[in-house]
Each structure stands twice: as C-alpha cells, then as structure tokens.
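Could you go over this one with me before it gets passed on? I have put my comments down as numbered points.

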Amino acid sequence: NVGTGRGSTLAEAREELTRHFPKLSQQAAANQRSAKANGNHAERRPTRSVASTSRSESLLGFKAQVSLSEGLARTLTWHRDRAFPYGRDPHKGESAEQRKDDAAVARSLAATGGEEGCSPLDRECLRGAPVFPCASECRRPERCTPSAWDDVERLARAVTSGCDAVLYTILLEEGAEGIPSATTAAGADASSYVGADLPEEDAGRRTRARCNVAFVSDGSPLVRRLQSEGEEYLDEGDGGGAGLPPLLRHGFWTVLPVSAPSRVASSKSSWMHAFDGAFALEYLPKVSPGRFFGSSVRYAVYAAPSVLVEDLPGLLRRMEDAPPSAGGGSPPESARAAVMLAEERPACDPARRGSACASTWTRPARNDALQTSAYNMIRVALRGDMLGGGLNPVLDPSLLVHSLREEDSRLFRCDVYGEAAQWGASSDGPALEFIVSLHDLWSRAVSYWTGGTVWWNGEDAPAKKGEGDAGEEDAAEKERRRLAESDVDEKERRGGKWMGILSATEVQLFTRILPSEGAGIIHLDDNRR
C-alpha cells in the first residue's frame, strides 16, 4: 500500500464529498453550527498516523499525483456517469430548480475532477464516459456535441406539436430529387401516412401537414425545387402554426431541410461528433427520436424513403397488443411493445443458394467487419442464443415503430444508438440485433432469478435444489414442453416474435418482430412486400 504522505480525517473526506452537492453542503454546515451552539462539538486530539512515501520516492521515483479532492470527484463522476449514462428521465418533469442543482453538481465535479477542460471528442480525458449529440434524447446537457440537428430538432418539435403519432423519414443524399414514397400509392384503400383516413377538412389537412415529416438535405435538388416552385404550406388554423416558418410540401410529406455533412466546412464542422463513422449521426432521429417530436406524440414511425405501409393505423394498433402467454393464460395487463419492426425478407431465395445470392454479398468495411467478429464471438459463447450471425440480416431496420411514452423505452433506444455509434458502422442493423438479443437474454435471466417464468416464450424457471432429479423428466412433462414449444412456434409464425426489454418498473416491455409475410410493408426499390 502506498500513501500520499498527507493525512486526511473522515470529517474532511465527508466535507469534500458533500461540497459538490449544494443542498447537502448547506445542511452539513447548518448541523455543524447547531452542534457548536449546543456545546456538542468537543475538541479532541485523535491519534494521527500518516504513511511515509520517502522510500518509494527515492527507490521508485513514485510521487502521488492525484489529490484526495480530485480522486473523490473522479469517483463520484464515474458512479454518476454509470447511474445516469443517458441523463435524467425527461418524463419526470423536473423543476427548473432541480435542473439548476443538477447542472451545479456536474460543473463542480468536472472542475475538481479535471474534466472541465476536456473536449467532448476526447474519450480518454473523459475516462470513457459516453458523449452524444445535443439533439439526442441520450445526451447529458452539460456534455454533448453540437450538430446540424440542433435547429432542426427544435423546428420538428414545434411542427409536430399536437400529433398523437408521427411518420418520418430521412434523406440526406445531396443528389436526392424526390422521395419515392411521396409519389407512389400503396392502393386505393391504403392508409399509408398519418391522417390519410381523415376527411378533407381543416383538422385532417393540419394532421397530414404536421404529422408526416421528412428530413431532407438542404442542398438537394428536391429542396431547391420546392423552394423555387413555392410548394409551401403554412398552418394557420386555430393558431397552431403561430411562429412556424413556411413548410415545404412534397406529396404527403412536410419537408424540413437539414444541412448535410458535406456542405459544412471541415474546420468548423457543425457535424462535430465523437464517432468514427457518419452514419450514426446522420441518422440520429431514426434510432433516437425522443427529442424530435412534440410532447403529445406517443408513437414515432420511421420509414425509409422507399418504404410504404399499407395500413399505418392498423400497425399502430399492434403496438397496444400484449404477447400471447405460451401457457394459454392471460398476459399481464401492463405488457406491451416498446419498439416494433419486421423480419428481413431475403432478396434472393435461400433455398437456391448459388450465384444469385452470392452476387449480393460484398466485403464489409473495416469497422463493420470488427463489429461482426465481436458479435460472433459472443454468439458462440451463448451457443447461438442471439439474433443474426449469417450473411443476411435477421431484422429489417427500414421501418421502426417507437413508443415514446416510457422511460425504459428511451433507455433501450439509447442502448441501440450508443452501440451503433461506438462502432462507427455503416448501418444500425447489427447493433439493433445485438441489443435486442442482449435485453431479451437479461430479461429472461432476471425472470429466472426472481422465481418467475418467461411466459412470453414458454420457458419455465429452473428447478430448485431438492425438487427432483434434473436428469430425469417424466414423459408427461416432456410432452407438455414439446406442445408448449410448438404452440410458441405457431404463434410466432402468425403474430411475430416477442423479445423482452429490461425494465425497472412493473411494466414489461418488448421488442415485437413481425413476420416478413403479411407485415404490410412495401419496399418500392425492389417491389417487395
């Protein structure tokens, strides 16, 4: 054990800890004054023993570089970052005073712990603490990176105020001349966007104009054409559009221009970020949409520019469903989906492997290859109990339905976004498969540890010691398990697969994976349904 050569009392350590928290510091000072006034503060001279570092300095050249105050501040910061890696719960509605106190704590710890001068891009200086764009729902207000999304996020929130559900897409290609889904109809009776089933009146017109948003590069031919042709819509009904600029319209989409990365000077880039790849930042609203839409919005539906939904209201109703209980009983009333997407439908027939399928595979980029290798090692350790692993993806991330109501939903989205961002990968698909699998794995583990059952897929809790020989299972029990598993397989074929999401409340949330057949998703780029 090596000391610093300087002694500290427990009272000094307590004072050093509490001074970072204004209210605790004030209370401690008041208690000390009260003790002195009551005569309870007797002067005592404790025995002091301080470690000498003279030999370590002379023989090893060691001299302590971190003071007690700095070390305690670093420790508090580390625990605070791990307790709230994605900031405080925005659903709790903290008062201005609470936010002020939290900011004061952060500033005090950063100043004492040596992080005050750290660049948000320097992860070593920040000791590995995650840093997110300021427009992300995962960011910490005192430590985030600016981006071109900042202004767009505020505008999108104002535009979608009053919407119950929002459909949105992202098209940041500089050469974009149009949004394929804007000029294609899914069918005569299709309801492919929010408000499609409403009458042609003021309410229906406002809903369609405010609740279908496309984020498009401001330098694209599409935006320039819309601006020159005057295809704009200003919501003047019932004062709801007060303060909004003219809104560009393209089909059923309200187009919000975004400054694309390639249009910003590299010396003062407004797309400053700590990620190796640009994908995670450019597609920030896709995976982390919580701050982009009005407080009234319950569901946010991302659809790729070339994707149409045949029945959007029906798709949203599926978010209210609960997974069927494998045992045939009723599922808990609080169970529901936090995110919903579909299985990936292979572009080539997997039953006819050969040149047709092989020609669609290309060597992944370096970051993508590293990410896949790491996931495959984990998959082997878990004996394949994880999504993915093949040449083709398992999930189709071209359509994502998010529930914005629950804090656990936000934490799940931040897990996905943080995972995709840290790899600097060119797609969010592998990270999405990994986090979905990880949450389901831990949800099942927690259920086992608490003596419950994984009722959504028919797994029983493990037998406790003394409840019979684990190696001997009677024929009736084996048959019961076989029937339960076949029942789950049939339900998955018809209604999709349900995978658990870690929750800190009594509400059990799930990722719902719809079967590729019958999901009502139309891919216009290859005419797939």
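Here are my notes, starting with confidence and then moving on to the disulfides, one helix and one strand.

1. First, a reminder that this is a predicted model. Mean pLDDT for the protein is 77, with 71% of the residues at 70 or more. Among the elements, strand β8 (residues 299-303) comes out with the highest mean pLDDT, 95, while helix α12 (residues 355-358) has the lowest, 50.

2. Two stretches deserve a caution. Over residues 352-356 the pLDDT stays under 50, and the model has 3 contacts there beyond four places in sequence. Residues 460-472 also stay under 50, with 10 contacts beyond four places in sequence. Where pLDDT is low, the predicted coordinates should not be read in detail. I'd keep that in mind for helix α12, given its mean pLDDT of 50.

3. On the overall make-up: the protein has 529 residues, and 42% of them are buried. The secondary structure adds up to 16 helices and 14 strands. Taking contacts with a separation of 6 or more, 74% are between residues 24 or more positions apart. The accessible surface is about 28500 Å², and carbon and sulfur atoms account for 50% of that.

4. How many disulfides are there in the model? The count is 3. Start with Cys134 and Cys144, which are joined with an S to S distance of 2.1 Å. Cys134 sits in the loop between β1 (132-133) and β2 (144-145), and Cys144 is in strand β2 itself, with their positions 10 residues apart in the numbering. The S-S torsion here is about 90 degrees, so this disulfide is right-handed. Both cysteines are buried.

5. Next is the link of Cys138 to Cys414, again at 2.1 Å from S to S. The torsion about its S-S bond is -100 degrees, making it left-handed. Cys138 belongs to the loop between β1 and β2 while Cys414 is in helix α14 (residues 407-423), so this pair ties together parts that are 276 residues apart in sequence. Is Cys138 buried or exposed? Cys138 counts as buried because its relative accessibility is 0%, and Cys414 is likewise buried at 0%.

6. The remaining pair to discuss is Cys163 and Cys211, joined at 2.0 Å from S to S. Its torsion is about -90 degrees, so it is left-handed. Cys163 lies in the loop between α6 (149-159) and β3 (165-171), and Cys211 in the loop between α7 and β4 (212-217), 48 residues apart. Cys163 has a relative accessibility of 3% and is therefore buried; Cys211, at 4%, is buried too.

7. Now for helix α7, which covers residues 202-210 and includes Arg210. Why call this arginine buried? Arg210 has a relative accessible area of 6%, so it falls under the 20% cut-off for buried. What do its side-chain polar atoms find there? One lies 3.2 Å from the backbone oxygen of Ala158. The backbone oxygen of Val159 is 2.4 Å from a polar atom of the Arg210 side chain, and I'd look at that distance in the viewer.

8. Thr207 is in helix α7 as well, but counts as partly exposed, because its relative accessibility is 21%. Leaving out residues up to four places away in sequence, Thr207 touches Val194, Gly195, Leu198 and Asn212. For Gly195, the C-alpha to C-alpha distance to Thr207 is 5.6 Å, with the two residues 12 apart in sequence.

9. Last, back to β8. Of its 5 residues, 5 are buried, so the strand is largely enclosed by the rest of the structure. Tyr299, Val301 and Ala303 point one way, Ala300 and Tyr302 the other way. Which strands does β8 bridge to? One is β3, which runs parallel to β8 and is joined by 4 bridges, with Tyr168 partnered by Tyr302 in β8. Another is β11 (residues 395-403), antiparallel to β8 and joined by 5 bridges; there, Val301 has Val401 as its bridge partner. This is the strand with the highest mean pLDDT among the elements.

Technical notes:
Residues are numbered from 1 along each chain as its sequence is written. This is a predicted model: local features need pLDDT of at least 70, side-chain atom pairs count only at pLDDT 80 or more; totals for chains, interfaces and linings use all residues. Side-chain values use heavy atoms; hydrogens and water are left out. Helices (H or I, at least four residues) and strands (E, at least two) are DSSP runs, numbered from the N terminus. Buried means under 20% relative accessible area, exposed over 50%, partly exposed in between (1.4 Å probe, protein chains only). A polar contact is a pair of N or O atoms within 3.5 Å; within protein, one must be able to donate a hydrogen and the other to accept it, and residues adjacent in sequence count only if both atoms are side-chain atoms. pLDDT is the predictor's confidence in each residue, from 0 to 100. Contact means heavy atoms within 4.5 Å. Accessible areas come from the Shrake-Rupley method with a 1.4 Å probe; for residues, only the protein chains shown count as cover. A disulfide is a pair of cysteine sulfur atoms within 2.5 Å. Two strands pair if DSSP finds at least two bridges between them.
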